[in-house]
Amino acid sequence: PYLVREILKGENVASWLEKSGGHLPIAQALSVVEQVSRLLLMAHRNQIYHGHLSPTNLYKTESGEIKVLNFGSRAKGGAFMAPEQLPGSSLSVGPKTDVWGIGALLITLLSGKSPYRGDRDPATSSRGVPGIRLLSDVMSNVPESLEELLLKSLSTAPEERFKSASEFLEALEGVREKISGLDLSEVTPREQTFNQMGNSEGGLDFDTSDYSPLTVANLRELFVHVDSCLGARVQYGLGSGEAQKAFQRAYKAAAYALDEHDGSLFWSLTPYSI
């Protein structure tokens, strides 16, 4: 027995992505996922599923053709693991898992970010399946049709996703038509910004326009917990059980806010902040 394999000349898509500054222009990213989707369409017709689409499992040839490698490899963790692939999940793995993988691949090619908020690994998350990030959280001026395409393909509930690679391809063509006349030069990854923030009433005294609604909500909750800490310290004393519980809640809220935030946070500390 012997196996004949194609000799590929080019580079891994992960390497290509790195050389391109961590993200690709929209036209190139859509071309990649279209090629992958068409290949998956043929594979699914023969009951063959990939199960672990990622830039490291794709190869760009010298002619620009995209090859999909490592069919049948099992995802053991990492940002490209679909929710139904998590240990203990009762959901079945199949065509819609690859649809999720196409969406995960697209958001990474466009933004350089993983599909999960905070770039968390769902296999090691202590709080269940992490939230799926919006493309507009990490990119500016995102066309609505492109956002909607990703929202549907990356749904944590398989029944809410595109039913097949064929349906995804049809939607992808619709996105192309809608954005064909738009100036896409302004659709770029958001730059990380540093801001001063906070007061004890849970209000945010800085411009929140660069932050996602989830980040703003988490920060508001955090400052409410910090205010509770200060009150508990005055009322019960720092060493009391009530004060310690309040500080633990504030610590968890801070950890959660930082973990879910896309970008950097700068918090100005003074003696009055502690």
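When I call a residue buried in this talk, I mean that its relative accessible area is under 20%, while exposed means over 50% and partly exposed covers what lies in between. With that settled, Glu 84 comes out as buried because its relative accessible area is 3%. Please keep in mind throughout that what we are looking at is a predicted model.

Let me stay with Glu 84 for a moment, since its side chain meets that of Arg 161 in a salt bridge, with an N to O distance of 2.7 Å. Arg 161 sits in the loop between helix H5, residues 144–153, and H6, whereas Glu 84 sits in the loop between E3 and helix H3, residues 95–111, so this pair ties together parts that are 77 residues apart in sequence. Arg 161 is buried as well, its relative accessible area being 2%.

A second salt bridge brings together the side chains of Arg 176 and Glu 34, here at 2.6 Å from N to O. Because Arg 176 belongs to helix H6, residues 165–179, and Glu 34 to helix H2, the contact ties together parts of the chain that are 142 residues apart in sequence. The two partners fall into separate classes of accessibility: Arg 176, with 24%, is partly exposed, while Glu 34, with 18%, counts as buried.

The third pair I would like to show is Lys 152 with Glu 167, whose closest N and O atoms are 3.9 Å apart. Why does this pair still count as a salt bridge? The rule asks for a side-chain nitrogen of Lys or Arg within 4 Å of a carboxyl oxygen of Asp or Glu, so the pair at 3.9 Å is accepted. Lys 152 is in helix H5 and Glu 167 in helix H6, 15 residues apart, and the pair is one that links distant parts of the chain. Both residues are partly exposed, Lys 152 at 35% relative accessibility and Glu 167 at 26%. Elsewhere, Glu 6, Glu 65 and Lys 67 are joined into one network by salt bridges that share partners. By the rule used here, the count of salt bridges comes to seven.

Turning now to the sheet, we have three strands in an open arrangement, ordered E1-E2-E3 and paired in the antiparallel sense. Strand E1, residues 10–12, and strand E3, residues 66–68, are the edge strands, each of them pairing on one side only. From one strand to the next, the twist averages 25 degrees. The antiparallel pairing of E1 with strand E2, residues 58–61, runs over three bridges, and in one of these details we can name the residues, since Gly 10 has Thr 61 in E2 as its bridge partner. Helix H2, residues 26–45, lies across E2 and E3 and runs at about 45 degrees to E3; this is the helix that carries Glu 34.

I will finish with the packing of two helices. The axes of H3 and H5 come within 8 Å of each other and cross at roughly 140 degrees. Angles over 145 degrees would count as roughly antiparallel, so at roughly 140 degrees H3 is classed as oblique to H5. The crossing itself is left-handed. Which residues meet where H3 and H5 come together? From H3 there are Val 99, Trp 100, Gly 103, Leu 106, Ile 107 and Leu 110, and these meet Leu 146, Leu 149, Leu 150 and Ser 153 in H5.

Note on methods. Residues are numbered from 1 along each chain as its sequence is written. This is a predicted model: local features need pLDDT of at least 70, side-chain atom pairs count only at pLDDT 80 or more; totals for chains, interfaces and linings use all residues. Side-chain values use heavy atoms; hydrogens and water are left out. Two strands pair if DSSP finds at least two bridges between them. Helices (H or I, at least four residues) and strands (E, at least two) are DSSP runs, numbered from the N terminus. Axes are lines fitted to C-alpha atoms, for helices over the stretch in contact, and angles run from 0 to 180 degrees between N-to-C directions. Contact means heavy atoms within 4.5 Å. Buried means under 20% relative accessible area, exposed over 50%, partly exposed in between (1.4 Å probe, protein chains only). Angles under 35 degrees count as roughly parallel, over 145 as roughly antiparallel, 65 to 115 as roughly perpendicular and the rest as oblique. A crossing is left-handed if the near helix is turned anticlockwise from the far one by less than a right angle, and right-handed if clockwise.
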